Amino acid sequence: MNEPQAGIRLDIGSGAASRPGWYSIDNRAHPAVTLPWDLEQIPWPLESGTVVQAFAGHVVSRLNPARWGFIAFMDELHRLLVPAGELMIVTYYGTNHRYASDPAACNPCTEATFYHFDPAHKSSLWHVYQPQPWLIRDMRWAVDGNLEVWLVKR
């Protein structure tokens, strides 16, 4: 049986709901947050290649997509993750009432958003911006609910 890979498990933007045992980073200071940091201020003060797994729950919808903000966020996570490190993102499906009613939401995501990050996806959307490469391991969504995507660093 394989030993679990050593490294940081990074909880991004979870605030008071930070996962026990995970290193948490969030825009807002809270006793459960390890590192209060503006998530759009890149680079983050973490070493490259030290994160084995990252979770971003309901944070990407609040990233300003202007000036490449979401792409910069994804590239920063790519820098932090070890080779084949995993990233799970949960966000509103970007065209539903939950997204539209959140006063902080500004980055609507649909399944096609993540096709831009996987150079092997049949859509060829990666070639538009050519961000750091990811593999979409799994993706599920409900247009009246959430989008969940499991990505692996290529």
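**Strand 5 and three salt bridges**

In this predicted model, the side chains of E86 and R137 form a salt bridge, 3.8 Å from N to O. That contact joins distant parts of the chain, with E86 in strand 5 and R137 in strand 6 (residues 134-141), 51 residues apart. E86 is partly exposed at 24% relative accessibility, and R137 is partly exposed at 42%.

Let me stay with strand 5. Its antiparallel partner is strand 7 (residues 146-153), and that pairing runs over seven bridges. E86 appears here again, opposite V152 in strand 7.

Strand 5, residues 81-92, also pairs with strand 4, residues 51-57, in the parallel sense over six bridges. Within that pairing, F55 has M88 of strand 5 as its bridge partner. How does the chain get from strand 4 to strand 5? The path goes through helix 1 (residues 69-80), and this β-α-β crossover is right-handed.

Helix 1 has a salt bridge of its own to show. The side chains of R79 and E76 meet at 2.6 Å, N to O. The two residues are three apart in helix 1, so about one helical turn separates them. Is each end buried or partly exposed? R79 is partly exposed, at 25% relative accessible area, while E76 is buried at 4%.

One more pair, then. D118 and R154 meet through their side chains in a salt bridge of 2.8 Å, N to O. D118 lies in the loop between helix 3 (111-115) and helix 4 (126-129), and R154 in the segment after strand 7, 36 residues apart. D118 is buried at 5%; R154, at 42%, is partly exposed.

The salt bridge count for the model is five.

Key:
Residues are numbered from 1 along each chain as its sequence is written. This is a predicted model: local features need pLDDT of at least 70, side-chain atom pairs count only at pLDDT 80 or more; totals for chains, interfaces and linings use all residues. Side-chain values use heavy atoms; hydrogens and water are left out. Two strands pair if DSSP finds at least two bridges between them. Helices (H or I, at least four residues) and strands (E, at least two) are DSSP runs, numbered from the N terminus. A crossover is right-handed if, with the strands pointing away from the viewer, the path from the first strand over the helix to the second runs clockwise. A salt bridge is a side-chain nitrogen of Lys or Arg within 4 Å of a carboxyl oxygen of Asp or Glu. Buried means under 20% relative accessible area, exposed over 50%, partly exposed in between (1.4 Å probe, protein chains only).
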